[in-house]
Amino acid sequence: MSMTGLQSMDIAALLRSIPYPQVSWTARNWSKKVHDALRPYYLEGRKSAEELILELSKHLPIKTEGDQRIADRVRIEQVSGKTTDLGKVKNWFLRIDELYKFVFGVSYTDLQFPKNCPSNIDCVIRYDPETDEFYSDDHFLTHLLRYLRGIDPKDIDVLNQELFPTRFGLSYGANLHALILDYRSLWGLGFLRKCHQAEKLEIRSPEGGSILLDKEDFSPVFEKIGKICVTSDFDFDHPCRMEKDTFLLLFSYSDNTVEIGYRKGHFYTDEFACFEILG
């Protein structure tokens, strides 16, 4: 695959097009299996740090001015035997709300996760030339930067077992695995927060029955959601949509209709992304 531009819908569509690899975190030879499953979605051609920031800056208000005290708190994963020279690292700052609206189409505060973090704060992009790696205080952004940077074709089949730095096939695949989990979880949370904005809701039962609800009938239910948590116990042998007791919820907006599943108190934005309502 190749990436020539970074329009917001391009990134969202790209991430949504990558299927969640049906590999358990505890599977034997996990990194190799994830690498094999995700290899068709690798972005071939590794960008320099400057090339990646320049490309992102065309679409996001990345700035060089910010609170250095915040930047200094960004965790650096040390390579054995090396120390980070803070005088050599490069820092950029990005308003977290701009990032989340750019990729997910929702405000950071709409997710209410965490509730004590406002949307008008900056997240940090740090590049460390010693490790040739990007870091951020936002885990999703860290994984996104390392994925969008790409991988050299000659490094794809180098079966280096080290998962850091993100340079070879196994580490690039592991980073992409984490990115897809982050993306699907955050997108699902944002979608559930926006459900009450739909104009109509159709509920289809497993038996074929159907109920159509207007906004005033279902919107209060989603407005009163106190807490949403992600359930990560994926059952790859029995996807949710294949179960006979799954209800389909079709939310209609002015320009499109979005479908999710509901089964035993859980919402499924796809077969393997599950959300539980608490409180």
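**Notebook: Phe 251, the cores, helix α5 and Val 89**

I began at Phe 251 in this predicted model. Setting aside neighbours within four places in sequence, I listed its contacts: Phe 191, Cys 195, Ala 198, Lys 200, Leu 201, Phe 218, Phe 222, Asn 256, Thr 257, Val 258 and Ile 260.

Next I looked up the largest nonpolar core. I found 65 residues in it. Which of them touch the most other members? They are Leu 15, Val 103, Phe 140, Tyr 147 and Phe 251. I then asked which helix gives the most to this core. Helix α8, residues 169–193, does, with eleven residues. Another core lies apart from this one. I count six residues there, including Val 74, Phe 93, Tyr 135 and Phe 164.

**Helix α5**

I moved on to α5, which spans residues 96–104. Is this helix mostly covered or mostly open? I noted it as mostly covered, since the record of burial gives seven of nine residues as buried. The buried ones are Ile 96, Asp 97, Leu 99, Tyr 100, Phe 102, Val 103 and Phe 104. Just past the helix I checked Gly 105, and its phi is positive, about 75°.

**α5 against α6**

I turned to the partner helix, α6, residues 139–148. How do the two axes cross? They come within 11 Å, at roughly 60°. The angle falls under 65 degrees and not under 35, so I logged α5 as oblique to α6. The crossing is left-handed.

I then wrote down who makes the contact. From α5 come Leu 99, Tyr 100, Val 103 and Phe 104. From α6 come Phe 140, Leu 141 and Leu 144. I sorted these contact residues by type: seven are nonpolar, none is polar and none is charged. Residues three or four places apart on an α-helix point the same way, because there are 3.6 residues a turn. Two names recur from my core entry: Val 103 and Phe 140 are among the members there that touch the most others.

**Val 89**

My last stop was Val 89. Where does this residue sit? It is in the loop between α4 (68–72) and β1 (90–95). Is Val 89 buried or exposed? Its relative accessibility is 11%, so I counted Val 89 as buried. Outside its neighbours within four places in sequence, I found Val 89 in contact with Thr 84, Arg 126, Tyr 127, Asp 128 and Pro 129. I checked the distance to Pro 129 as well. The two are 40 residues apart in sequence, yet their C-alpha atoms are 6.5 Å apart in space.

How values were computed
Residues numbered from 1 in each chain as written. Predicted model: local features only at pLDDT ≥ 70, side-chain atom pairs only at ≥ 80, totals over all residues. Heavy atoms only, no water. Helix = DSSP H or I, 4+ residues; strand = E, 2+ residues; numbered from the N terminus. Buried < 20%, exposed > 50% of the residue type's maximum accessible area, 1.4 Å probe, protein only. Contact = heavy atoms within 4.5 Å. Core = buried A, V, L, I, M, F, W, Y, C linked by side-chain atoms within 4.5 Å. Axes fitted to C-alpha atoms, helices over the stretch in contact; angles between N-to-C directions. Parallel < 35°, antiparallel > 145°, perpendicular 65-115°, else oblique. Left-handed = near helix turned anticlockwise from the far one by under 90°. Nonpolar A, V, L, I, M, F, W, Y, C, P; charged D, E, K, R; others polar.
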